[in-house]
Amino acid sequence: MSLLAALLIVALATLLLFVLPARRRRRALAAPFPAAWDALLARRLEPYAGLEKAERRQLQDLVRLFLADKQFHGCGGLDVTEEMRVLIAAQACLLLLNRSSRIFPGLQHILVYPGAFVREGEEWHEDGTVSEVSSELLGESWDAGKVILSWEDVDRDLDHFGDGFNVVLHEFAHQLDSESGSENGTPVLSASDSDEWVRVMTREYEGLATAAEREEETLLDPYGASAPAEFFAVITETFFELPDQLSAQHPELFSLLRRYYRVDPAQWYRAPEDKLQ
Ligand SMILES: [Zn+2]
């Protein structure tokens, strides 16, 4: 390769990796956060009002960067409105507050269906046979840069924030998980956190699996016992929606997630006079 060709490749890579993203970032943050979006989030996203001022500003920046970077696609005849995009982005970005991670770098496309959607697939059986199955899904996260959501369920979860179920938090937790290279319930961690993560997660996962087998009532959705990746997505939903209950019933798990997510959602739901200083 000639020197000139090599220089051109370096210049092009610099442009694509640094110059254009920085420009897009500047442009996304140039105008103030729209008042209509602020009002929408205050009306529809329960934790928004409880965020500290700096956290709220951070979330507003993250939402704008998310929207500048990701593409939304309406499926099944759905017209994805600006309100839908902002509400989905804001919930996804709750997972990124106070963290230096980039904004779901592997994710490009968010597909939104009006309601639950059907996925055709194959089921492999122990005897080696395969059958065609179709499953009805509320959301799905693919490593290959895609999240699929049912708007009906996103909308319902916004109305019932605090019931422990949230399809956006669930699917975007899968995205964080996949950033480590495989979706296995262990996202990218600092080296000092890894041992404790494995110890606490293994114990809690096995505890949920045993409770689910015995059909006991659990705070955590028993669906989390189906695989470690689902466990991480389920505990993320509980951490953000029912932090007090998680902290009371699973204190080690709560403090592990508190360190990982770098927020204390319990504070968001307290009256200002009850917040810890
Ligand atoms: Zn899942």
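**View 1. The donors of the zinc ion follow the spacing H-x3-H-x55-E along the chain.** Donors here are N, O and S atoms within 2.8 Å of the metal (3.2 Å for Na, K and Ca), and water is not among the atoms, so sites may look incomplete. You're looking at a predicted model, where local features need pLDDT of at least 70, side-chain atom pairs count only at pLDDT 80 or more, and totals for chains, interfaces and linings use all residues. Residues are numbered from 1 along each chain as its sequence is written, and side-chain values use heavy atoms, with hydrogens and water left out.

**View 2. Here are the atoms that hold the zinc ion: NE2 of His170, NE2 of His174 and two OE donors of Glu230.** They lie 2.0 to 2.8 Å from the zinc ion. His174 sits in helix 6 and Glu230 in helix 8, 56 residues apart, so this pair links distant parts of the chain (helices are DSSP runs of H or I, at least four residues; strands are runs of E, at least two; both are numbered from the N terminus). Both His174 and Glu230 are buried (under 20% relative accessible area, with a 1.4 Å probe and protein chains only).

**View 3. Next comes the lining of the second largest pocket, to which helix 6 gives the largest share, 4 residues.** Strand 5 (139-142), helix 5 (151-159) and helix 8 (228-241) are among the other elements that supply at least two residues each. A pocket is an open set of points on a 1 Å grid over the protein atoms alone, where a 1.4 Å probe fits, with protein on both sides within 12 Å along at least five of seven lines; lining residues have an atom within 4 Å of a point.

Terms used. Buried < 20%, exposed > 50% of the residue type's maximum accessible area, 1.4 Å probe, protein only.
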